[in-house]
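Here are some notes for a colleague who is looking at this structure for the first time. They are meant to be read with the sequence and the model side by side.

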Amino acid sequence: MRPIGRRGRQLLTRLRGDRRGTLPVELALVLPVMMLLLVGATDVTWLYIAQQKVARAAGVLADLTARTAEIRPADVTDLFNAAREVAAPLDFAANGRAYVSSVTNDDGNGARVGWQLASGDGLAAPSRVGSQGGSADLAGSITLAAGEELIVAEAFLEVEPLIGLLIRGPTRFYVRALQRPRYGTVVLQDD
């Protein structure tokens, strides 16, 4: 190998002190990481908004059901439509399912599902409270005294991330809302 001459040393000294062009190099190194963080923050924010919408839909469903003394089949469609509207712009009809149940402890021997209504054919998800006529699972959140009733609304929704670079595949949300009936009981009427 040939030794560097005087001109080579001068060139190296001049290049070592030259700071021009460092910004594009730094930007090229940092920009991919910043874009990845931005994309990830977008998906996390979208999923947070979706979870909040599911929680509001369950809360509205429980509240509207508990405000009446009796529910008719025509009212049921309106209840689920209200939950669907609260969840908009998410497609609750195609990617979600809602349940509203009356949980009672009539005889003091434990909570049972008195009646239960389910929304359309969206997401295939069974109620986590239980099925009509069976014992109710309130997940230890509340215990009913003899003669008490509780309206339980459940909302399931499967949401795809907006971009899907960091968070892949759909995320399934589940929210349960509990409400005491305003008039003591809510009776399911047959038309």
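Is Glu 158 buried, exposed or partly exposed?

1. Glu 158 is partly exposed, since its relative accessible area is 28% and the class covers values between 20% and 50%. This is a predicted model, and the remarks below should be read with that in mind.

2. Glu 158 makes a salt bridge with Arg 172, and the closest N and O atoms are 3.2 Å apart. Because Glu 158 belongs to strand E4 and Arg 172 to strand E5, the pair ties together parts that are 14 residues apart in sequence. Arg 172 is also partly exposed, at 42% relative accessibility.

3. The two strands just named belong to an open sheet of 4 strands, whose order is E3-E2-E4-E5 and whose pairing is antiparallel. Strand E3 (112-118) and strand E5 (171-179) are at the edges; each has a single partner strand, so one side of each has no neighbour in the sheet. On average, neighbouring strands of this sheet are turned by 20° against each other, direction ignored. In general, the strands of a sheet pair through backbone hydrogen bonds, either parallel or antiparallel.

4. Helix H2 (residues 22-66) packs on the sheet and touches E2, E3, strand E4 (149-159) and E5. The direction of helix H2 makes about 30° with that of E5.

5. Strand E2 (residues 96-104) is joined to E3 by 6 bridges, and the two run antiparallel. Ser 102 stands opposite Trp 115 in E3, while Thr 104 has Arg 112 of E3 opposite. Towards E4 there are 9 bridges from E2, again antiparallel. On that side, Ser 101 has Val 152 in E4 as its bridge partner.

6. How many residues of E2 are buried? The count is 9 of the 9, so E2 is largely enclosed by the rest of the structure. In a regular strand the side chains alternate between the two faces of the sheet. In E2, Gly 96, Ala 98, Val 100, Ser 102 and Thr 104 point one way, and Arg 97, Tyr 99, Ser 101 and Val 103 point the other way. The residues of both sets are buried.

7. The structure holds 5 salt bridges. One of them links the side chains of Arg 180 and Glu 148, at 3.8 Å from N to O. Arg 180 is in the loop between E5 and E6 and Glu 148 in the loop between E3 and E4, so this pair ties together parts that are 32 residues apart in sequence. Both partners count as partly exposed: Arg 180 at 38% relative accessibility and Glu 148 at 28%.

8. Another salt bridge brings together the side chains of Glu 70 and Arg 72, with 2.7 Å from N to O. Here too the partners are partly exposed, Glu 70 at 31% relative accessibility and Arg 72 with a relative accessible area of 34%. Elsewhere, Asp 63, Arg 67 and Arg 182 are joined into one network by salt bridges that share partners.

9. What forms a nonpolar patch on the surface? The members are Val 25, Leu 29, Val 30, Val 33, Met 34 and Leu 37, and together they have about 590 Å² of accessible area. Val 25 is in helix H2, the helix that packs on the sheet.

10. Two backbone details deserve a look. Ala 88 and Pro 89 are joined by a cis peptide bond, with omega about 10°; Pro 89 is in the loop between helix H3 (73-87) and helix H4 (92-95). Ala 139 has a positive phi, near 55°, although it is a residue other than glycine. Ala 139 is found in the loop between E3 and E4 and counts as exposed, at 58% relative accessibility. As background, most residues other than glycine have a negative phi, and most peptide bonds are trans.

11. Last, Asp 190 is in the segment after strand E6 (187-188). Asp 190 counts as exposed, because its relative accessibility is 72%. The C-alpha atom of Asp 190 is separated by 46 Å from that of Ile 163, and the two residues are 27 residues apart along the chain.

Terms used. Residues numbered from 1 in each chain as written. Predicted model: local features only at pLDDT ≥ 70, side-chain atom pairs only at ≥ 80, totals over all residues. Heavy atoms only, no water. Pairing = 2+ DSSP bridges. Axes fitted to C-alpha atoms, helices over the stretch in contact; angles between N-to-C directions. Contact = heavy atoms within 4.5 Å. Buried < 20%, exposed > 50% of the residue type's maximum accessible area, 1.4 Å probe, protein only. Patch = residues over 30% accessible without salt bridge, like charges linked within 9 Å, V, L, I, M, F, W, Y side chains within 5 Å. Areas by Shrake-Rupley, 256 points an atom, 1.4 Å probe, with all protein chains shown as cover. Salt bridge = Lys/Arg side-chain N within 4 Å of Asp/Glu carboxyl O.
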